[in-house]
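This report describes the overall form, the internal spaces and selected local sites of one protein chain. The sequence and the coordinates are shown first.

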Amino acid sequence: MTPLRLDAPAKLNLSLAVTGRRADGFHELDSELVLLELADRLLLLPGCSGLRVEGEGSETLPLGTENLAWRGLLAGVGRAPDLVCLTLEKHIPVSAGLGGGSSDAAAAWRLGRRSEGAFDAPDAATLEQLSSIGADVPFFAAQVAAGRVTGIGERISPLPGAGDGDQVVLAHPPFALSTASVFAELQPSEWNGTPERGRNDLLAPAERLQPGIRDVMRLMVAAGGAPELAGSGPTVFAITDDPERAAAMTARLQRGGVRATHTRMRSEPASIEAIEEPEE
């Protein structure tokens with residue numbers, strides 16, 4: 001097998017409307033998502049076995065079947081891989097509302113498919129299967145830079161050029177939030193039902209669970225940005241088309257003691273790269 005490499009980008013929800021709740025307890029959504037340049041990196045290598053995780057928050061992540069990336073690889077290969085090692089380099093903060101775990105799962109699924117010589121573009125049935133790993137996994141697996149996502153995440157409609165190249169400033173609070181806890185806190189009265197750019201139906205329950213989000217939003221305003229919540233939080237973001245303004249906002253946040261990242265929206269999904277073997 002040829003060693004393979006693939007970036008797993010973070011995402012932003014430019015809108016997030018909860019439209020209902022199914023009998024099985026899963027919420028139905030209508031959301032506009034975009035990929036970011038901020039990304040984890042996955043390597044699939046022959047000659048060894050298992051999962052290795054390093055980098056951002058790696059000490060908090062499980063290994064084996066509880067890890068989303070490993071579950072994605074198993075789904076892509078269709079069995080427990082033999083003498084194949086998956087290395088995950090984390091750069092996306094964990095439990096931050098940026099989709100890092102789901103993106104890792106989708107990237108590992110694609111790598112597994114490619115290693116088997118199979119097509120790594122999913123059909124509708126596969127997208128529905130991948131939604132059982134995580135609601136955002138189908139979006140990342142669909143290989144679009146921007147898309148409208150409905151259902152429980154399994155229906156993807158590409159949105160060419162949505163936010164292409166826009167600058168993004170991320171403010172990272174010093175605490176995490178689990179997606180499950182935010183949805184458990186969500187009240188039916190907070191469902192908007194209709195997607196609206198800049199509105200996130202998960203903001204109110206996220207703030208109830210972590211009131212410190214309000215402080216980060218005030219600091220984003222003071223830095224010159226219009227703050228929004230990333231997914232289920234707690235990351236706060238602001239968008240601008242001016243790179244210099246984004247850099248200045250990032251610097252102001254950092255001077256104020258907030259961990260901040262300056263990135264931008266991707267114009268293309270990530271592509272699998274074959275790693276060249278050094279010549280002897």
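## Overall fold

How many helices and strands does the protein chain have? There are eight helices and eleven strands in the protein chain. Its radius of gyration is 18 Å, close to the 19 Å that the globule rule gives for 280 residues, so the chain is as compact as a globular protein of that length. The model is predicted. Taken along the principal axes, the C-alpha atoms fill a box of roughly 55 × 50 × 35 Å.

Of the 280 residues of the protein chain, 50% count as buried. The chain exposes about 12600 Å², and carbon and sulfur atoms supply 48% of that area. Among contacts between residues at least 6 apart in sequence, 72% join residues at least 24 apart.

## The largest pocket

The largest pocket has a volume of about 1200 Å³. It is lined by 50 residues, of which S102, G134, A135, T179 and A180 are the closest to its centre. Two or more lining residues come from each of the strands β1 (4-21), β2 (27-46) and β4 (84-90), and likewise from each of the helices α1 (68-77), α2 (100-115) and α5 (179-185).

How does the lining of the largest pocket divide into nonpolar, polar and charged residues? The division is 24 nonpolar, 19 polar and seven charged.

## The cavity

The structure holds one cavity of 30 Å³ or more. About 80 Å³ of space lies in this largest cavity. Its lining comprises 13 residues, and the closest to the centre are D7, P9, S103, R110 and F140.

Both β1 and α2 supply at least two residues of the cavity lining. These two elements also each give two or more residues to the lining of the largest pocket. By residue class, the cavity lining divides into nine nonpolar, two polar and two charged.

## Backbone geometry in loops

Most residues other than glycine have a negative phi, and most peptide bonds are trans. Several loop positions may be examined with this in mind. The peptide bond from G233 to P234 is cis, with omega near 10 degrees. P234 belongs to the loop between β8 and β9 (236-240).

S95 has a positive phi, near 50 degrees, and is a residue other than glycine. This serine is found in the loop between β4 and α2. With a relative accessibility of 37%, S95 counts as partly exposed. Q143 is not a glycine either, yet its phi is positive, at about 60 degrees. Q143 is placed in the loop between α4 (137-141) and β5 (146-151), and its relative accessibility of 23% makes Q143 partly exposed.

## Packing around P81 and A223

P81 sits in the loop between α1 and β4. Is P81 buried or exposed? Its relative accessible area is 15%, and P81 is therefore buried, the limit being under 20%. Leaving aside neighbours within four places in sequence, P81 is in contact with W70, L73 and L74. Between P81 and A69, which are twelve residues apart along the chain, the C-alpha separation is 13 Å.

A223 is found in the loop between α7 (212-222) and β8 (228-229). A223 is buried, with a relative accessible area of 3%. Which residues does A223 touch, not counting those up to four places away in sequence? They are M249, R252 and L253. A223 and G256 are 33 residues apart in sequence, and their C-alpha atoms are 9.0 Å apart in space.

## Helix α8 and Q254

Q254 lies in helix α8 (residues 243-255). With a relative accessible area of 44%, Q254 is partly exposed; this value falls between the 20% limit for buried residues and the 50% limit for exposed ones.

How far apart in space are Q254 and L74? Their C-alpha atoms are 40 Å apart, and 180 residues separate the two in sequence. L74 is also one of the residues in contact with P81.

Terms used: Residues numbered from 1 in each chain as written. Predicted model: local features only at pLDDT ≥ 70, side-chain atom pairs only at ≥ 80, totals over all residues. Heavy atoms only, no water. 1 Å grid on protein atoms, 1.4 Å probe; cavity = no way out; pocket = protein on both sides within 12 Å on 5 of 7 lines; lining within 4 Å. Points joined across faces, edges and corners; volume = space filled by probe spheres on them. Helix = DSSP H or I, 4+ residues; strand = E, 2+ residues; numbered from the N terminus. Nonpolar A, V, L, I, M, F, W, Y, C, P; charged D, E, K, R; others polar. Rg over C-alpha atoms; globule rule 2.2 N^0.38 Å. Buried < 20%, exposed > 50% of the residue type's maximum accessible area, 1.4 Å probe, protein only. Contact = heavy atoms within 4.5 Å. Areas by Shrake-Rupley, 256 points an atom, 1.4 Å probe, with all protein chains shown as cover.
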